[in-house]
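Hi everyone, thanks for making time for this. I'd like to walk you through a structure, so please have your viewers open and follow along.

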Amino acid sequence: MKRKLIVACGSGVATSQTIASKIASKFEEDGVDYPVEAVDYKSIQNELPSAGIYVYIAQPDEDVLAKADELGVKVFPGIPFLTGMGADEIYSEILTLVK
C-alpha cells in the first residue's frame, strides 16, 4: 500500500484541511503524486501505520511521537504552512522524502 502524508489537528477539518490543501497544491505544482490527507488528532494512532509523513498542528504527545518513530514516520510542524515563516524549508525536506 502506498504511504501518505497526514496532517492532523483537533477536528481534522479546519486547520489541517487548509494545510493539507496547501501541501497537495505544492505537490501538484512540482509534479509529485503522493496522497495528502487531513485527519483528526484523536485518530492519529490509527492513521500513523499507513503514513510516511505526519504534519502536526499542535505538538503531539510522547506516545504519538514514539509510535511515529517506531514506524519510521517523519514528523514536521504544520504552523509554518499557515504563517509562511519557514514553510519553504519544511516543504523542501518533505519534497526530498516523497521524490
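I'll start with the core, then go through the strands, two of the helices and a few single residues.

One thing to keep in mind throughout: what you are looking at is a predicted model.

So, the core. In proteins of the soluble globular kind, nonpolar side chains tend to be buried together. Here, the largest nonpolar core has 20 residues. If you want to find it on screen, colour L5, F27, V55 and I94, which have the most contacts inside it. Which elements feed this core? At least two residues each come from β1, residues 4-9, from α1, residues 14-29, from β3, residues 51-56, and from α5, residues 87-98. Helix α5 gives the largest share, with six residues.

There is also a second core, separate from that one, with 11 residues. I6, V39, I44 and V73 are among its members.

Let's zoom in on V55 for a moment. What does V55 touch, once we leave aside its neighbours within four places in sequence? The list takes in L5, I6, V7 and A8, then I19 and I23, then F76, P77 and G78, and finally I94.

V55 takes us to its strand, β3, since that run covers residues 51-56. Is β3 enclosed or open? Six of its six residues are buried, so the rest of the structure largely encloses this strand. On the pairing side, β3 runs parallel to β1, and five bridges join them. To see one of those bridges, look at A8, whose partner in β3 is Y56. β3 also pairs with β4, residues 74-77, again in the parallel sense, over four bridges. There, I53 has K74 in β4 as its bridge partner. Between β3 and β4 the chain passes through helix α3, residues 62-71, and this β-α-β crossover is right-handed.

Now the helices, beginning with α5. This is a nice sanity check for those of us who like geometry: 12 residues at 1.5 Å a residue should span 16 Å, and the end C-alpha atoms are 16 Å apart, which agrees. The buried residues in α5 are A87, I90, Y91, I94, L95 and V98. Why do we say they share a side? They cover an arc of only 140° around the axis, which puts them on the same side of α5. E89 and T96, on the other side, are exposed. And what lies over the buried residues of α5? The cover includes β1, α1, β3, β4 and α4, the last being residues 79-83.

Helix α1 can be read in the same way. With 16 residues, α1 reaches 23 Å from its first C-alpha to its last, close to the 22 Å expected at 1.5 Å a residue. Its buried residues are S16, I19, A20, I23 and F27. Their arc around the axis is only 100°, which puts them on the same side of α1. Turn to the face pointing away from that buried side and you find E28 and E29, both exposed. Covering the buried residues of α1 are elements including β1, β2, β3, α4 and α5. Just after α1 comes G31, with a positive phi of about 70°.

A little further on is Y34, placed in the loop between α1 and β2, which is residues 36-40. Is Y34 buried or exposed? Its relative accessible area is 16%, and the cut-off for buried is under 20%, so Y34 counts as buried. Y34 and R3 are 31 residues apart in sequence, while their C-alpha atoms are 7.9 Å apart in space.

S43 sits in another loop, between β2 and α2, residues 44-47. S43 is buried too, with a relative accessible area of 16%. From its C-alpha to that of C9, 34 residues away along the chain, the separation is 10 Å.

Last one: Q45, in helix α2. At 33% relative accessibility, Q45 counts as partly exposed. Setting aside residues up to four places away in sequence, Q45 touches D63, V64 and K67. Its C-alpha is 9.9 Å from that of L65, 20 residues apart along the chain.

That's the tour. Thanks for listening, and I'm happy to go back to any part of it.

Notes: Residues numbered from 1 in each chain as written. Predicted model: local features only at pLDDT ≥ 70, side-chain atom pairs only at ≥ 80, totals over all residues. Heavy atoms only, no water. Core = buried A, V, L, I, M, F, W, Y, C linked by side-chain atoms within 4.5 Å. Buried < 20%, exposed > 50% of the residue type's maximum accessible area, 1.4 Å probe, protein only. Contact = heavy atoms within 4.5 Å. Pairing = 2+ DSSP bridges. Right-handed = clockwise from strand over helix to strand, strands pointing away. Expected span 1.5 Å × (residues − 1). Arc of directions from axis to C-beta.
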